[in-house]
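Here is a short report on one chain of a model. Look over the sequence and the fold before reading on.

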Amino acid sequence: MRSGLINRAVIVAVFLLLLSFGAGQRATGQWATPSVSSASSIPQAQLIQPEELNRLLKTRGVEKPLILQVGSHVLFAEAHIPGSEYAGPGSQDAGLAALHDRVAPLPRKGFIVIYCGCCPWNRCPNVGPAYKSLLDMGFKNVKVLYLANNFGADWANKGFPVETGR
Amino acid sequence: MLLAGLVGACLAGSGSHAGFAAAQTLLNRKAPEFKRRDLNGQTLDLARYRGKVVLLNFWATWCAPCQLEMPVFAAWQRQYGPRGLQVVGISMDDDPALARRSVARLQLNYEIAMGDERLGALYGGVMGLPTTFLIDRNGVVRAQFQGETDLSSIEKQVVALANGP
């Protein structure tokens with residue numbers, strides 16, 4: 001009888017273990033909260049699509065954002081949105097410091113758009129930390145350009161204007 | 001190659017958009033030649049690899065998919081090197097010290113040099129990473145892969161090119 005109880009206890013323990021493992025797998029795979037520094041943590045409402053930003057930049061009489069590229073300087077030099085400035089990389093302390101220094105003197109209600117485009121959105125190590133840094137500094141009007149694949153595929157190769165140079 | 005080179009030259013400081021469609025035009029054209037200093041200070045000359053199949057990979061230390069691919073490329077260098085494969089990595093980092101650390105950590109066994117915007121433009125605009133070109137033994141670009149790619153599809157083409165003339 002004792003061995004029967006022990007067997008049942010083992011079965012229950014294994015069941016509970018498997019249950020917790022499965023829940024952990026689901027949590028990491030599907031319902032996990034994105035890391036605060038990942039691009040996926042940026043609220044949808046704060047994203048701006050390439051078409052929308054391009055339209056905004058071409059429209060006269062509307063407020064134009066300060067556009068900051070917070071990714072790779074090499075890729076910025078190769079091609080960037082006309083009028084944008086380099087202020088990165090967001091994944092490194094030195095890059096966040098550069099971003100901080102650029103925006104620190106600005107009014108906190110100013111319209112800022114940041115972007116990267118180094119790699120697929122959910123792999124970008126730069127926009128998440130840069131966005132958070134701006135929020136922490138008190139900026140209220142920050143949008144992040146949503147580049148699903150990269151700057152080439154989602155901006156340059158779609159015919160939107162680019163500039164080169166550092 | 002001449003077309004890609006001219007486009008690349010025109011891109012420098014010009015703000016022109018025309019060149020960014022050139023990435024597609026490199027297919028079946030001569031791969032733009034270049035010389036760079038590799039991370040050991042030696043000259044890396046793409047022309048020296050004529051007669052080999054070259055896997056030319058643009059990467060960076062902050063590029064997560066790149067960090068997953070590169071050990072696989074190192075394995076291919078070991079496996080297919082005797083059959084004529086040469087992997088060449090171009091780091092698009094700003095700081096070579098970061099690239100050196102990655103190379104050491106990943107134990108990469110192939111040539112690595114630092115890239116820049118000029119080399120990216122020469123290759124039609126490398127505006128996302130990873131970007132990989134397969135160049136046949138005659139120096140012609142036969143495939144291009146951008147972003148996260150099913151590595152088995154790259155490997156199949158590597159093998160096909162290595163087995164080919």
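Helices (H or I, at least four residues) and strands (E, at least two) are DSSP runs, numbered from the N terminus. Read in that way, the sequence of chain B gives the pattern α-α-β-β-β-α-β-α-β-α-β-β-α, with 6 helices and 7 strands.

The model is predicted: local features need pLDDT of at least 70, side-chain atom pairs count only at pLDDT 80 or more, and totals for chains, interfaces and linings use all residues. Residues are numbered from 1 along each chain as its sequence is written, while chains are lettered from A and ligands numbered from 1 in the order in which they are written.

**The sheet**

Two strands pair if DSSP finds at least two bridges between them. In chain B, 5 strands form an open sheet in the order S5-S4-S3-S6-S7, with mixed pairing. S5 (111–114) and S7 of chain B are at the edges with a single partner strand each, so one side of each has no neighbour in the sheet. From one strand to the next the twist averages 15°. Angles here run from 0 to 180 degrees between N-to-C directions, and axes are lines fitted to C-alpha atoms, for helices over the stretch in contact.

Strands of a sheet pair through backbone hydrogen bonds, either parallel or antiparallel. Three pairings in chain B are set out below.

| Strands | Sense | Bridges | Facing residues |
|---|---|---|---|
| S3(B) and S4(B) | parallel | 7 bridges | B:Phe58 and B:Ile90 |
| S3(B) and S6(B) | antiparallel | 5 bridges | B:Val54 and B:Ile135 |
| S6(B) and S7(B) | antiparallel | 5 bridges | B:Thr132 and B:Phe145 |

A residue is buried if 20 or more other C-beta atoms lie within 10 Å of its own, exposed if 12 or fewer, and partly exposed in between, with C-beta atoms placed from the backbone. In S6(B), residues 131–135, 5 of the 5 residues are buried, so the strand is largely enclosed by the rest of the structure. B:Thr131, B:Phe133 and B:Ile135 point one way from S6(B), and B:Thr132 and B:Leu134 point the other way. In the hairpin of S6(B) and S7(B), 5 residues lie between the strands, and B:Gly139 has a positive phi near 80°.

**Helices H3 and H6**

The axes of H3(B) and H6(B), the latter spanning residues 151–163, come within 12 Å and cross at roughly 25°. H3(B) and H6(B) are therefore roughly parallel to each other, a term for angles under 35 degrees (over 145 is roughly antiparallel, 65 to 115 roughly perpendicular and the rest oblique). Two residues are in contact if their C-beta atoms, placed from the backbone, lie within 7 Å. H3(B) contributes B:Glu69, B:Val72, B:Trp76 and B:Tyr80 to the contact, and H6(B) contributes B:Leu151, B:Glu155, B:Val158 and B:Ala162.

**The chain as a whole**

Of the 165 residues in chain B, 44% are buried. B:Pro165, in the segment after H6 of chain B, is exposed, with 6 other C-beta atoms within 10 Å. B:Pro165 and B:Leu106 are 59 residues apart in sequence and 32 Å apart in space, C-alpha to C-alpha.

Chain B also meets chain A: 27 residues of chain B are in contact with 28 residues of chain A. H3 (64–80) and H5 (117–122) of chain B each supply at least two residues of the side that touches chain A. The largest share of that side, 3 residues, comes from H5(B).
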